[in-house]
Amino acid sequence: MEAQKLATLKADVTKLRQQLRAGDLYQSLPQRLGDLIDQTPVTPATTVVAVDDGDVLDLIKQLHAGLDAGNLTEINDDQLTLLLAHLGSTNALVRDRGCYYLLNEALQQQLLTSDQLGTIFDTLVQDDHLFTHIDQPENDGVYQRSFSILILSVLLYADHAGMAFMTAARLEQVVQQFTTYLLLERDTRGFVADHGWAHAFTHIGNLLDELADENELARADKLMMLACLIERYQRLTTPLIFGEAERLSTYLALITTKDDLYADYLLRAFKKWHQRLAMGAAPASETAWTRVFNRNRLLEAMALHDDFPTSIVDYLDDELEFLG
């Protein structure tokens, strides 16, 4: 994404976060966020430069062998740098079964130092990982964006589990970057032929879960991310059909049991969403019907939960009865 446009959007996000924290907006938040999304249209595609995976294949094989044998005791800094450089590979064996799997296993087995956790975080939270080609038609940049979000969620999970490396500055950075990302991401692909999982909106659910559980995060910022998700979801023009609705419903159940504020906001947003659909023209295009069924899948996934607040359960019962 062009640097100046991204900087302007970030400044707008910062202003809204400050106003929300100060209590200067609540009911107008959906409209304000919707305007930011609508003012960032799809731009012409540019070439996504493919990374050459030749230099990482031997390392992946070596580290896999060490894990299988049970004698891998560390991943050194040079190896870590190489794995991170290939996290956006279009080759699923490199990206998913290689870089992501190895980094996740290293975290689970506590093979990485706190400094290394910080290095991973500081790398993946940068613009060139989270916003590469994000305002363009579906493209291979999604793998780097999506798997950066996934690893960030794993890092936050590790921090919550006691592998402390987060600082107040890092938390502020990930919230600012992720809030902006939520407004921009529109690639809804799940499993992609020849390339494996993209799954951006599933990985979004993972990071939202961890931030919902972050005790150091202000209610206003958690509300902001919830609001961004809802506004982005409503405007998607391609289908979510690979379990994303189920994943996001789990986050919605989690956040709405944290505080009545979140349940109230979600309920208001869903009622307004229904009103817009009811008052608008009947769906007559692929995009319009995609939005209808994306919404229906989310409501149906939410209805399978038994842990939503009563007000939302009652709304879902009425809405699904209406849908038939």
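**Exercise 1. A salt bridge inside one helix**

Find the partner with which D264 forms a salt bridge, and describe where the pair sits.

*Solution.* Start with the rule: a salt bridge is a side-chain nitrogen of Lys or Arg within 4 Å of a carboxyl oxygen of Asp or Glu. D264 pairs with R268, and their closest N and O atoms are 3.0 Å apart. Before going on, note that this is a predicted model, in which local features need pLDDT of at least 70 and side-chain atom pairs count only at pLDDT 80 or more, while totals for chains, interfaces and linings use all residues. Residues are numbered from 1 along each chain as its sequence is written, and side-chain values use heavy atoms, with hydrogens and water left out.

Next, place the pair. Both D264 and R268 belong to helix α13 (residues 260–279), four residues apart, about one turn of the helix. Helices (H or I, at least four residues) and strands (E, at least two) are DSSP runs, numbered from the N terminus.

Last, check the exposure. Buried means under 20% relative accessible area, exposed over 50%, and partly exposed in between (1.4 Å probe, protein chains only). D264 is partly exposed at 33%, and R268 is partly exposed at 38%. Elsewhere, salt bridges that share partners join R17, R21, E172 and D221 into one network.

**Exercise 2. Salt bridges across the sequence**

Work out which parts of the chain are tied together by the salt bridge of D122 and R170, then do likewise for R189 and E138.

*Solution.* The count by this rule is 15 salt bridges. In one of them, the side chains of D122 and R170 meet with an N to O distance of 2.8 Å. D122 lies in helix α6 (residues 114–124) and R170 in helix α9 (residues 168–184), so the pair ties together parts that are 48 residues apart in sequence. D122 counts as partly exposed at 31% relative accessibility, whereas R170 counts as buried at 19%.

Now take R189 and E138, whose side chains meet in a salt bridge of 3.7 Å, N to O. Here R189 lies in the loop between α9 and β1 (191–192) and E138 in the loop between α7 (127–130) and α8, so this pair ties together parts 51 residues apart in sequence. E138 is partly exposed, with a relative accessible area of 47%.

**Exercise 3. Into the core**

Identify the residues that touch the most other members of the largest nonpolar core, then follow the contacts of F178.

*Solution.* A nonpolar core is a set of buried Ala, Val, Leu, Ile, Met, Phe, Trp, Tyr and Cys residues joined through side-chain atoms within 4.5 Å. The largest one has 104 residues, and L83, F178, L211 and L226 touch the most other members. Helix α8 (residues 141–160) gives the most to this core, with eleven residues.

Contact means heavy atoms within 4.5 Å. Leaving aside neighbours within four places in sequence, F178 is in contact with I149, I204, L207, L208, L211 and M225. Step across to M225, which is found in helix α11 (residues 219–235) and is buried at 2% relative accessibility. Under that sequence cut-off, M225 touches F178, T179, L182, L208, L211, L217 and Y251.

**Exercise 4. A buried serine**

Is S249 buried or exposed, and which side chain does it join in a polar contact?

*Solution.* S249 lies in helix α12 (residues 244–256) and is buried, with a relative accessible area of 1%. A polar contact is a pair of N or O atoms within 3.5 Å; within protein, one must be able to donate a hydrogen and the other to accept it, and residues adjacent in sequence count only if both atoms are side-chain atoms. The side chain of S249 makes such a contact, of 3.0 Å, with that of H305. Not counting residues up to four places away in sequence, S249 touches L298, A301, M302, H305 and F308.

**Exercise 5. Positive phi values**

Compare the places and exposure of two non-glycine residues with positive phi, D194 and H199.

*Solution.* D194 has a phi of about 75° and sits in the loop between β1 and β2. H199 has a phi near 55° and lies in the loop between β2 and α10 (200–212). D194 counts as exposed at 76% relative accessibility, while H199 counts as buried at 11%.
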